[in-house]
Amino acid sequence: MPEKPYDHAKIELKWYQRWQNADFYRAEENSAKPKFYVLEMLPYPSGTLHIGHIRNYSIGDALARYKWMRGFNVLHPMGWDAFGLPAENAAIANRQPPRQWTLQNIQAMKKTHRRFAFSYDWDREVSTCEPEYYRWNQWFFLKMLERGLAYRKKALVNWCPKCATVLANEQVVEGCCWRHEDTPVEQRALEQWFLKITAYADQLLADMRQLEDGWPERVLIMQRNWIGRSEGAEIDFTLAGTDQKIRVFTTRVDTIYGATCVILAPEHPLNAQLLDPAGQARAKAMVDARAGRDPGDIEKEGFFSGSYAVNPYSDENVPIWVGNFVLMGYGTGAIMAVPAHDERDFEFCRKYSIAIRPVIRPVGGELGVEPGLTVAFTEDGIVEHTGDWSGLTSEEARDKMAAHARVNGFGDAAVTFRIKDWGISRQRYWGTPIPVIYCPACGLVAVPEDQLPVRLPDRVEITGAGRSPLENVPEFVNVACPKCGGAARRETDTMDTFIDSSWYFYRYCDPHNDKAPFDPAKIAYWFEIDQYIGGVEHAILHLIYSRFFTKVMRDIGLIRNSEPVRRLFTQGMVIAEGAKMSKSKGNVVGADLLAEKYGADTARMFVLFAAPPEKEVDWRWEGADGIYRFLGRVYRFATRRIGTAAPEAGAADRQVLRKLHQCLQKITEDFESRWHFNTCIASIMELVNVLYAEEENIGSAVLNDVLVKLALMLAPFAPYLAQEIWEELGHDGPVFRQQWPAYDPELAKPEEAEIVVQVNGKLRSRVYAPFGTPQDALEKLALADPKTQQSIAAKQIVRIIAVPDKLVNIVVK
RNA sequence: GCGGAUGUGGCGAAAUUGGCAGACGCGCUGGAUUUAGGUUCCAGUUCCCGCAAGGGAGUGUAGGUUCAAGUCCUAUCAUCCGCACCA
């Protein structure tokens with residue numbers, strides 16, 4: 001058959017049209033096959049897919065197709081994280097309703113998705129902005145409300161003046177808004193809804209043990225730090241002259257005899273009582289000055305409150321200070337300062353000339369002497385000047401002193417977490433309405449389940465002004481109280497969109513259910529997710545919230561699994577010609593342009609080829625040229641050999657078969673373990689290079705075998721081309737529904753082992769011997785080699801090391 | 001400051017178990033095909049010396065272990081990422 005040019009546009013259009021109504025990506029409901037749930041993180045519908053998305057989906061798609069070919073029942077769904085701020089910003093900018101803008105974007109992106117032929121089961125598509133979806137957000141919220149996991153409190157919250165909304169603590173990056181990195185966050189007091197994720201802090205931490213073999217270590221480390229479990233003790237100091245307690249948290253009770261003051265956070269409730277109006281004003285000023293600042297940049301400041309506290313161990317009176325470095329949100333909002341053994345306390349007390357009293361000496365060393373200390377000794381040691389506990393090690397002292405506090409009723413051992421409850425209220429329109437009603441008579445009333453969903457009204461004016469846009473929609477706000485029927489108001493805040501993405505992967509298992517979020521039996525079949533793939537930027541928020549939701553759902557009795565994701569893969573970023581892609585730089589590599597210029601196969605394959613998937617990839621157009629050339633080489637070879645007469649056997653048959661099976665082995669093993677698709681593709685290139693070099697020496701039997709398997713092994717990476725070759729070979733049906741070809745390790749092996757001959761560790765020659773040749777025979781063989789003899793001439797042989805099938809090293813003097 | 005990762009040709013990278021450093025690709029050089037450009041095919045391409053045969057050096061830097069180190073150990077430098085007054 002004459003060679004055909006590689007016309008990617010023609011090939012891809014042909015199969016795009018034929019695959020329009022294909023259903024071979026549909027997951028089976030009742031299947032005897034083993035299941036495999038592969039998931040890529042759902043995108044925000046910004047309107048365009050870029051090369052970063054393509055990388056994410058290409059990894060997942062290759063895996064999904066491979067698993068299908070290995071006989072699995074694969075669930076590979078896709079959806080849209082469709083609520084969120086950009087839709088409102090767009091509405092303000094071009095007067096287009098958020099819903100319309102979002103649906104348009106989804107349409108456009110879905111078209112691109114189809115163009116790339118990613119293997120999604122589109123019947124299961126989920127869009128989080130649809131009432132069919134978000135009603136279950138509301139339902140989960142009500143369940144949490146019932147269980148006391150959702151609550152309301154007035155709190156200082158992060159307020160971004162640009163977004164005009166509240167930010168979760170996690171959305172504050174270095175004191176600034178995560179979307180507007182140059183906008184400092186302000187503090188405002190608002191009534192907010194919170195989810196009690198702290199109730200699960202211990203479980204979230206403990207269950208990470210189940211994830212250790214399936215999740216990247218660094219993600220687990222980040223989560224562990226985020227949860228921030230810290231063991232110590234809570235101790236009550238007493239306000240001098242009263243019975244009033246001031247509770248502090250410390251990890252170092254063993255140093256408490258060195259406490260020379262107690263320091264309160266500026267927001268500490270006791271300040272209202274202790275401070276005069278001037279002092280309260282100073283405390284307020286501290287709070288404001290701290291808002292949105294990088295804590296490292298703020299100098300420690302404080303002032304004496306005028307009152308004293310009694311150390312319950314020593315009965316000593318110490319001054320109570322107010323300090324800007326003490327955080328209300330951590331521990332009890334009050335600390336005991338032990339300047340001799342804590343760097344921060346040291347800095348503070350030096351500055352204000354507060355006493356410094358060493359009580360811990362290094363093991364085998366001397367107790368520090370004051371005045372004259374220049375640094376705090378923060379390590380464990382031997383406790384001194386500490387009553388009956390003197391002479392104990394720090395560790396012993398901590399245990400015994402905490403027990404003492406418990407027995408005497410002024411404290412106990414305690415555990416504190418860094419993680420805070422999840423503030424979910426947003427003063428925004430484009431999100432899930434929070435299903436509660438405020439009734440003047442009945443107070444806070446949950447919307448009854450049978451009245452869900454609380455629908456987002458369509459006609460809303462979005463101005464970007466501070467209050468929630470829903471406040472201005474009387475038909476939304478004004479409602480009859482479900483309890484008493486009287487006039488009442490709806491909650492106008494909407495939910496954080498991280499709620500949407502915390503459970504969407506469950507909905508994929510039963511996306512059209514209108515009686516429940518899903519049928520538990522379906523979850524029992526599909527869960528856990530076997531492989532989740534996405535960016536490391538979601539290492540903390542999305543993935544911790546998802547784990548939290550899973551545990552709550554389990555406790556409600558909906559599901560049985562405690563963790564949603566068995567294996568997580570975090571792919572590296574794609575940057576463009578050395579720079580991070582961003583709209584403002586205008587260097588975003590769009591997926592449509594890629595498909596236009598090279599075709600989907602080339603774009604996919606390049607991002608897989610450029611680097612291993614966990615690493616960053618630099619998109620370079622010339623690099624893509626290389627893949628395009630390679631696919632052309634494959635196609636031209638296939639078309640010119642198919643149907644071309646050749647003898648049954650050829651001189652290069654064994655060599656070609658060896659390369660083929662080496663290649664198959666490599667790819668198979670990589671899919672099962674480390675996913676270095678870059679070297680998999682390199683290996684296919686090597687095979688094709690051999691086919692070119694030996695084209696005339698390949699017999700027809702081997703040739704047909706190689707072409708069939710070449711199409712099969714290209715199927716996960718370049719499905720269009722693989723399918724086209726599959727058809728040229730005379731086969732029907734989708735190539736990626738064929739069985740994955742098995743490799744034969746015997747065929748993959750070379751006929752003889754190549755033995756490297758070194759002299760003093762330097763390569764001097766190589767000899768060949770059958771596999772398994774014993775060491776002494778190898779030595780003889782090496783010594784008999786003329787090149788080796790030349791290298792060791794006139795030298796004395798000291799030692800010979802022979803490694804079977806590998807090398808001989810001759811040590812000479 | 002704490003934690004983690006990464007340093008290999010002009011570039012992206014490979015070397016999975018301590019055993020041939022640089023597979024594969026880009027770029028570049030040369031040749032063939034072509035009226036020409038492009039395409040395609042073939043060859044070369046770590047650096048230094050050499051016409052060549054050949055030799056020497058070489059995986060951020062300095063040491064160490066070993067017959068043998070990109071790989072293991074110690075120190076150090078650089079870059080990137082995460083966390084950062086968490087008591």
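1. In this predicted model, RNA strand B is surrounded by 49 residues of the protein, and among these the ones that come nearest are Thr 250, Thr 251, Lys 300, Tyr 330 and Arg 344. When the residues of this surface are sorted by character, they divide into 21 nonpolar, nine polar and 19 charged.

2. Which parts of RNA strand B supply the atoms within 4 Å of the protein? Of those atoms, 66% belong to sugar or phosphate, while the rest belong to bases.

3. Some contacts to the phosphates can be named individually. The side chain of Asn 678 places an N or O atom 3.0 Å from a phosphate oxygen of RNA strand B, and for Lys 762 the corresponding distance from a side-chain N or O atom to a phosphate oxygen is 3.3 Å. Arg 799 likewise has a polar side-chain atom that lies 3.0 Å from a phosphate oxygen of the strand.

4. The elements that give two or more residues to the surface near RNA strand B include helix 7 (217-227), helix 18 (621-641) and helix 20 (677-693), together with strand 11 (245-250), strand 31 (753-759), strand 32 (762-769), strand 33 (797-803) and strand 34 (807-812). Helix 20 gives the most, with seven residues.

5. As for the overall layout, chain A is divided into domain 1 (31-128 + 498-571), domain 2 (137-196 + 421-495), domain 3 (230-416), domain 4 (579-748) and domain 5 (753-812). Taken over C-alpha atoms, the centres of domain 1 and domain 3 are separated by 48 Å.

Conventions: Residues numbered from 1 in each chain as written. Chains lettered and ligands numbered in written order. Predicted model: local features only at pLDDT ≥ 70, side-chain atom pairs only at ≥ 80, totals over all residues. Heavy atoms only, no water. Near = heavy atom within 4 Å. Polar contact = N/O pair within 3.5 Å; in protein donor to acceptor, adjacent residues only side chain to side chain. Helix = DSSP H or I, 4+ residues; strand = E, 2+ residues; numbered from the N terminus. Nonpolar A, V, L, I, M, F, W, Y, C, P; charged D, E, K, R; others polar. Domains from an automatic or database assignment.
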